[in-house]
Every structure is written in structure tokens, then in C-alpha cells.
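Hi,

Here is the structure I promised to pass on. Have a look at it first, and then read my notes underneath.

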Amino acid sequence: MKEKKAITLKTLTKSNVWDIQENDVFRMWTAAEKDVDLKDYARKYLDIIRSAFEVEEVKIDKPEIIKKYEARGLKVGTIRMDENTKQKIAIKKKPISRVTDLTYENIRHITATKLIEVLERNFGGGWDSLPQSIQDIIQSGFDISTTTLPKDRMHMPGGLYEKKVNDGYEVLEIPKGLWIEAIFAKEKPQVEVLKSRMSSLDDLTRGGDLDDDDDENMDLPLDDFKHDEDEDDDSFDDDKLTEESYRTTYETDPEDLINEAEDISDDEY
């Protein structure tokens with residue numbers, strides 16, 4: 001397995017900056033202090049760091065003030081902006097706790113488990129309740145699929161739920177009366193993400209020139225919504241009513257779903 005190259009200030013981007021922590025920032029900056037071009041790019045490096053970290057300038061360098069920063073979870077250190085200027089800053093990694101914290105730069109730096117935690121913490125209306133922009137960001141790093149089924153059918157042995165879990169998907173279940181919406185999430189392989197990204201970049205390049213900085217940090221959404229092979233079969237067999245029959249998104253009031261479920265007799269299952 002090929003080892004990842006160590007990140008330096010010169011190789012820092014708005015994507016890989018999410019791979020480093022507070023101590024790494026000060027370590028990298030110290031390592032770059034002897035670079036003659038540091039003063040020319042110091043502001044650019046700091047802007048990249050700000051995309052993933054809270055950064056505050058420490059204007060009063062006193063122990064009691066430093067302790068207040070540290071009490072808030074910030075790491076305090078000194079960076080050299082040029083040969084004559086040093087600056088003390090306090091930094092803290094930005095949390096990813098809300099769906100609005102998700103970006104194209106950080107989406108591939110969280111796990112499927114973390115994504116499910118963020119989704120569970122922030123909404124209860126189902127996948128379609130998310131803004132399209134947030135859906136696009138999530139799908140750029142994860143395979144997402146959903147299904148809505150009656151409660152007593154969601155966990156049937158050999159069903160879709162069991163297949164997805166066995167295939168490595170994390171699941172968020174959202175109760176909707178007598179029904180449940182399940183959102184399945186699995187990280188996309190990095191090679192798949194890169195191939196889609198390169199294809200998108202080729203399309204853009206043919207349509208016009210790209211700015212160098214935009215090209216370097218560009219992360220584009222992927223419209224690569226995977227489906228099971230069974231879903232391609234449009235035929236319907238009355239004798240084989242399975243959860244696939246319910247694979248749709250209901251844009252219906254939950255009370256209507258409850259009434260609809262009550263009208264279904266047990267012998268139909």
C-alpha cells in the first residue's frame with residue numbers, strides 16, 4: 001500500500017487541510033520558516049487554514065489571557081509571517097456537527113458513521129427534506145440509497161435492510177408513523193471519486209479555461225446514485241411481493257401513510 005506523503009504548507013489545500021490537527025499547523029509552519037518565499041505566501045496559507053480551523057489573533061500575550069483561549073479548546077502558538085514579523089494565534093479545528101457544516105472539501109474526510117450521526121442530529125423529515133445542495137455534497141463522497149417500508153417489514157430476514165448492512169452500509173432509520181424511512185450510506189472508493197472528478201474536469205476544460213487555483217482545489221458533485229441490479233427489472237409478480245415493491249419516496253403526510261397502512265390486511269404479506 002502506497003504511503004501518503006506528509007502534508008506541508010506548500011502542499012496544503014482546502015481539502016487535505018481537514019486531515020491535520022492544531023499541533024500539525026504549528027509544526028508545519030515552523031518547518032517552513034526557512035523558506036525564502038514564506039513571506040510571499042503566508043497570507044494564502046493562513047486563508048487555507050481558516051477554511052478548516054477557527055483562527056484568532058492573540059493581541060494580549062498574558063498568561064491569564066492564554067488560559068482563557070485554552071479553556072475554549074483553542075491551541076495557542078506563534079507563527080512567523082516574514083523575517084521581521086511574528087504573530088501569536090489561537091486555533092481550533094472546526095466541528096462537523098450540522099449538515100450545514102458539510103462541504104465538498106470535508107465530505108471525504110468523515111466516515112459513514114460520522115455522516116449518520118450528523119444527519120440524525122439535524123433532521124427527522126427524511127432524505128428529501130435536505131436541501132438539494134446538501135444532498136449533492138453528501139453524494140459526492142458517499143453512495144446513498146433510501147427505502148420506506150412498514151415497520152414490520154423493514155428488518156425481515158434476507159430483505160433489503162439486511163443486504164445493505166452486510167454490504168457495509170451504515171443506516172439511519174426515521175420513523176414515519178407505522179412506516180420507517182431507511183437511509184443507507186457507504187463511503188465511495190477513492191478511485192471512483194477521482195475518475196468522476198477527472199471526467200468532470202475534462203468536460204469543463206472543453207467548455208472553457210479553468211483558473212489554476214480553482215482547478216487545484218475543485219471538488220465537484222457526483223451524480224452516481226447506485227441501484228441494485230434487481231431494481232432494473234420492471235416486471236411485477238403478485239406472488240413475490242417484497243420490500244422492493246415499496247422502493248419509492250413518499251411525498252405524503254405521515255397521517256395519510258398511517259391510514260394507508262391500516263387498510264392493508266395482514267394476509268397480503
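Below is what I found, going from the sheet to the side-chain pairs.

One thing before you start: this is a predicted model, and residues are numbered from 1 along the chain as its sequence is written.

Let's begin with the sheet. It is open and has three strands in the order β1-β3-β2, paired antiparallel. β1 and β2 are the edge strands with a single partner each, so each has one side without a neighbour in the sheet. On average, neighbouring strands are turned by 40° against each other, direction ignored. If you want to check the pairing by eye, go to β1 and β3 (residues 85–93): five bridges join these two antiparallel strands. E54 is a handy place to look, as it stands opposite K92 in β3. Then bring α2 into view, which lies across β1, β2 and β3 and runs at about 150° to β2.

While you are in that area, find the loop between β1 (53–57) and α3 (63–71), where I60 lies. I60 comes out as partly exposed, at 47% relative accessibility. Its C-alpha atom is 9.3 Å from that of K88, although the two residues are 28 apart along the chain.

Now the charges. Side chains of opposite charge can pair when their charged atoms come close. A search of the whole structure turns up eight salt bridges, and I'll walk you through a few.

One of them joins the side chains of K10 and D37, at 4.0 Å from N to O. K10 belongs to the segment before α1 (22–31) and D37 to the loop between α1 and α2 (38–50), so to speak distant parts of the chain, 27 residues apart. K10 is exposed, with a relative accessible area of 51%, while D37 is partly exposed at 23%.

Another is E33 with R80, with 3.9 Å between N and O. Here E33 sits in the loop between α1 and α2 and R80 in strand β2 (residues 75–82), so the pair ties together parts 47 residues apart in sequence. E33 is partly exposed at 29%, and R80 is partly exposed at 22%.

Then there is K176 with E181, where the closest N and O atoms are 2.7 Å apart. Are these two residues buried or exposed? K176 is buried, with a relative accessible area of 14%, and E181 is buried too, at 4%.

Last, the aromatics. The whole-structure search gives three aromatic pairs. In one of them, Y161 and F184 have ring centres 6.1 Å apart and planes at 70°; that angle is over the 60 degrees cut-off, so the pair is edge-to-face. Y161 is in helix α7 (residues 160–166) and F184 is in strand β6 (residues 179–187), so this contact ties together parts 23 residues apart in sequence. Y161 and F184 are both buried.

Elsewhere, W29, Y41 and Y45 make up one aromatic cluster. Finally, look at Y169: the charged end of K164 sits over its ring, 4.5 Å from the centre.

That's everything from my side. Enjoy looking around!

Cheers

Conventions. Predicted model: local features only at pLDDT ≥ 70, side-chain atom pairs only at ≥ 80, totals over all residues. Heavy atoms only, no water. Phe/Tyr/Trp six-rings, centres within 6.5 Å; stacked < 30°, edge-to-face > 60°. Helix = DSSP H or I, 4+ residues; strand = E, 2+ residues; numbered from the N terminus. Buried < 20%, exposed > 50% of the residue type's maximum accessible area, 1.4 Å probe, protein only. Lys NZ or Arg CZ within 6 Å of the ring centre and 35° of its normal. Pairing = 2+ DSSP bridges. Axes fitted to C-alpha atoms, helices over the stretch in contact; angles between N-to-C directions. Contact = heavy atoms within 4.5 Å.
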